[in-house]
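Here are a few exercises to work through with the structure open beside you. Try each task before you read its solution.

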Amino acid sequence: MKRIVIVFILMLLFPMVKVNGAGCDYSNLSRLKKIASNVNISYDYVEKNNDVTFNITLNNLNKEIYFVDLTNYRTYNYTKEEFVITGYQSGESIRYDFYSKDCPSQVLASIRLNLPSYNSYYKDEVCKGVESYNLCQKWSSHNLSYEKFLERVTNYKNSLISEPEPLPEPTVNELSITQIIINFLLDYYVIILIVLILGLVGVYMLSKKDDVYS
């Protein structure tokens with residue numbers, strides 16, 4: 001009895017070691033991880049009634065692995081190499097964890113996908129002419145109400161209207177007195193010349209008249 005107690009105590013002193021099944025040894029685990037890492041995903045969408053739903057396609061699936069969709073914790077077992085899951089909403093973050101029945105507690109691989117956010121206002125009349133504006137694009141993440149959306153887009157469109165540049169004020173050149181005199185002589189030199197000639201003739205005639213009476 002004493003020996004049995006000693007053996008029992010020794011068993012308690014040594015830590016319990018978890019032994020994996022033969023199917024989950026290192027080499028098989030490495031092989032299964034490679035199979036899981038070869039899975040590819042892609043998506044498309046269906047636009048209807050001013051909304052979209054997404055379909056996700058998984059390729060290169062293998063009968064040795066299965067996966068769990070962490071958006072709803074639903075498990076998908078292998079049926080064929082390509083599998084399509086429908087009904088995802090825009091803006092959702094998707095994660096798939098892959099497992100094998102040989103190693104059910106070991107995540108072999110994870111695939112993450114962030115679906116784009118759909119902008120239900122992008123076809124609105126207010127977006128005409130500014131389709132490249134981020135609030136007028138099909139895939140745009142915002143939480144604006146329709147009224148706020150109209151306000152933001154209208155303000156953006158108004159900001160693109162450039163006001164006409166004011167006409168430059170005419171510059172007044174201040175002329176010096178000398179320049180004014182020169183301009184006057186150039187404009188009326190003929191009249192001035194005639195006046196001078198007539199003046200000289202008058203002076204000459206008067207001087208002749210004085211000589212006759214002297």
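**Exercise 1. Find the hairpin formed by E1 and E2, and say how many residues lie between the two strands.**

Step 1. Go to the turn of this predicted model: E1 and E2 make a hairpin with 2 residues between them.
Step 2. Look at the backbone of Asn49, a residue in that turn, where phi is positive at about 55°.
Step 3. Follow the two strands away from the turn. E1 and strand E2 (residues 51-59) run antiparallel and are joined by 9 bridges.
Step 4. Check two of the pairs. Val46 has Thr53 of E2 as its bridge partner, and Ile41 stands opposite Leu58 in E2.

**Exercise 2. Work out in which order the strands of the open sheet of 3 strands are arranged.**

Step 1. Begin with the pair from the hairpin, E1 and E2, joined by 9 bridges.
Step 2. Look for what else E2 pairs with: 5 bridges join E2 to E5, and these two strands run antiparallel. Within this pairing, Ile56 has Ile85 in E5 as its bridge partner.
Step 3. Put the strands together: the order is E1-E2-E5, with antiparallel pairing.
Step 4. Now the edges. Strand E1 (40-48) and strand E5 (83-89) each have a single partner strand, so one side of each has no neighbour in the sheet.
Step 5. Add the twist, which averages 25° from one strand to the next.

**Exercise 3. Which strands are at the edges of the open sheet E4-E3-E6-E7?**

Step 1. Read the order: this open sheet has 4 strands, E4-E3-E6-E7, and its pairing is antiparallel.
Step 2. Take the ends of that order. Strand E4 (74-76) and strand E7 (109-114) are the edge strands, and each pairs on one side only.
Step 3. Compare directions: ignoring strand direction, neighbouring strands here are turned by 20° against each other on average.
Step 4. Inspect one pairing. Strand E6 (residues 93-99) and E7 run antiparallel with 6 bridges between them, and Ile94 stands opposite Leu113 in E7.

**Exercise 4. How many cavities of 30 Å³ or more are there, and what kind of residues line the largest cavity?**

Step 1. Apply the cut-off: the count is 1 cavity of 30 Å³ or more.
Step 2. Note the volume of the largest cavity, about 50 Å³.
Step 3. Locate its lining, which includes Leu61, Ile65, Phe67, Asn77 and Phe83.
Step 4. Sort the lining by class: 7 residues are nonpolar, 3 are polar and none is charged.

Note on methods
Residues are numbered from 1 along each chain as its sequence is written. This is a predicted model: local features need pLDDT of at least 70, side-chain atom pairs count only at pLDDT 80 or more; totals for chains, interfaces and linings use all residues. Side-chain values use heavy atoms; hydrogens and water are left out. Two strands pair if DSSP finds at least two bridges between them. Axes are lines fitted to C-alpha atoms, for helices over the stretch in contact, and angles run from 0 to 180 degrees between N-to-C directions. On a 1 Å grid over the protein atoms alone, a cavity is a set of points where a 1.4 Å probe fits but cannot get out, and a pocket is an open set with protein on both sides within 12 Å along at least five of seven lines; lining residues have an atom within 4 Å of a point. Grid points are joined across faces, edges and corners, and a volume is the space filled by probe spheres set on the points. Ala, Val, Leu, Ile, Met, Phe, Trp, Tyr, Cys and Pro count as nonpolar, Asp, Glu, Lys and Arg as charged, and the others, Gly among them, as polar.
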